[in-house]
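Please open the model in your viewer with the sequence panel beside it, and keep a cartoon view ready for the stops that follow.

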Amino acid sequence: MSGDKMDASRKIRRTEGRASRTESPLASANGISSPPRVARIERKTRETQVVVELTIDGAGRAEIATGVPFLDHMLESFARHGFFDLKITAQGDLHIDEHHTVEDAGIVLGRAFRHALGDRSGIRRFGSALVPLDEALCEATVDIGGRVYLAYNVAITQERVGGFQTELVHDFMKGLADETGMNLHLNLRAGRNPHHVIEAAFKALARAMDNATAIEPRLKGVLSTKGTLS
Ligand SMILES: [Mn+2]
């Protein structure tokens, strides 16, 4: 067994052990009792069938098979940098184009976050990250407080990166923000290569969402003067 493989199998065992516990490791470390923040969401339409399994307090493990290789690459990066365990399978009408599959992956991932977060009590709610990838620099700022908004300021001049339509990133982010119940601002500050730009956007998104979904130990209930985030 190679070193990498041994590492991977150790990681899997550790995660399985954790999943069987009754409390989320992060929450219990902070003295807050809460169930593990996990979700499994399945959605079937005439256009796509998507299954998402999400563990918010994960280790960054990803198993992604959407049939759209570039999206798989981005979602693996998202899981890794957000320390989410994420399994996604999608069968979409790729004979038409990739639009339905990419958008629906965002929708179902958002539903998984919404479900796993429950009433959103204890979460830090806001998060922001500025991530470079070579010449590209992208900023993501989120409020996972239930109000939906997307400001997508990621101008990409190239129509495609490989076979992937760069415009679909906007549709993915819209589906994700709507269904998570999230205000998401994505601002590209610099960038030339569309692969770098999109990857920096997904990494910034991951870090911002990791911050915003983290448990705040000083918080009792939800972070809102209204007293509710649902
Ligand atoms: Mn890459």
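Begin by selecting Ala136, which sits in strand 6 (residues 136–143); helices (H or I, at least four residues) and strands (E, at least two) are taken here as DSSP runs, numbered from the N terminus. Residues are numbered from 1 along each chain as its sequence is written. Keep in mind that this is a predicted model, in which local features need pLDDT of at least 70 and side-chain atom pairs count only at pLDDT 80 or more, whereas totals for chains, interfaces and linings use all residues.

Ala136 counts as buried because it has 22 C-beta neighbours inside 10 Å; a residue is called buried if 20 or more other C-beta atoms lie within 10 Å of its own, exposed if 12 or fewer, and partly exposed in between, with C-beta atoms placed from the backbone. Which residues does Ala136 contact, leaving aside its neighbours within four places in sequence? They are Ala190, Gly191, Asn193, His196, Val197 and Ala200, where contact means that the C-beta atoms of two residues, placed from the backbone, lie within 7 Å. Now add Ala201 to the selection: Ala136 and Ala201 are 65 residues apart in sequence, yet 9.1 Å apart in space, C-alpha to C-alpha.

Step back next to Asp134, in the loop between strand 5 and strand 6. Its phi is near 50 degrees, a positive value in a residue other than glycine, and Asp134 is partly exposed because 13 other C-beta atoms lie within 10 Å. Arg125, in the loop between helix 4 and strand 5 (126–133), also has a positive phi, near 75 degrees, but Arg125 counts as buried because it has 22 C-beta neighbours inside 10 Å. For background, most residues other than glycine have a negative phi.

Now display the sheet that contains strand 6: an open sheet of 4 strands in the order 5-6-10-7, with mixed pairing, where two strands pair if DSSP finds at least two bridges between them. Its edges are strand 5 and strand 7 (149–153), each of which pairs on one side only. Strand 6 runs antiparallel to strand 10 (residues 183–190), to which it is joined by 7 bridges, and within this pairing Leu137 stands opposite Ala190 in strand 10. Two helices can then be added to the view: helix 5 (residues 168–180) lies across strand 7 and strand 10, at about 160 degrees to strand 7, while helix 6 lies across strand 5, strand 6 and strand 10, at about 150 degrees to strand 5. For these angles, axes are lines fitted to C-alpha atoms, for helices over the stretch in contact, and angles run from 0 to 180 degrees between N-to-C directions.

From helix 6 (residues 194–213), move to helix 3 (residues 69–82): the two pack at an angle of about 35 degrees, with their axes 8 Å apart. To see the contact, select Met74, Ser77, Phe78, His81 and Gly82 in helix 3, which meet residues of helix 6 including Ile198, Phe202, Leu205 and Met209. What covers the buried residues of helix 3? The cover includes strand 3, strand 4, helix 4, strand 8 (160–161), strand 9 (164–165) and helix 6. Just after helix 3, Phe83 takes a positive phi of about 55 degrees.

The other sheet to select is an open one of 4 strands, in the order 1-2-4-3 and with mixed pairing; its edge strands are strand 1 (38–44) and strand 3 (62–65). Strand 3 and strand 4 (residues 85–92) run parallel and are joined by 4 bridges, and Ile64 has Ile88 in strand 4 as its bridge partner. Helix 3 packs on this sheet, touching strand 3 and strand 4, and helix 4 (residues 99–117) packs on it as well, touching strand 1, strand 2 (48–55) and strand 4. Helix 4 is mostly covered, with 17 of its 19 residues buried, and it is followed by Gly118, whose phi is positive, near 60 degrees.

Finally, show the whole chain, which has 6 helices and 10 strands, and in which 45% of the 230 residues count as buried.
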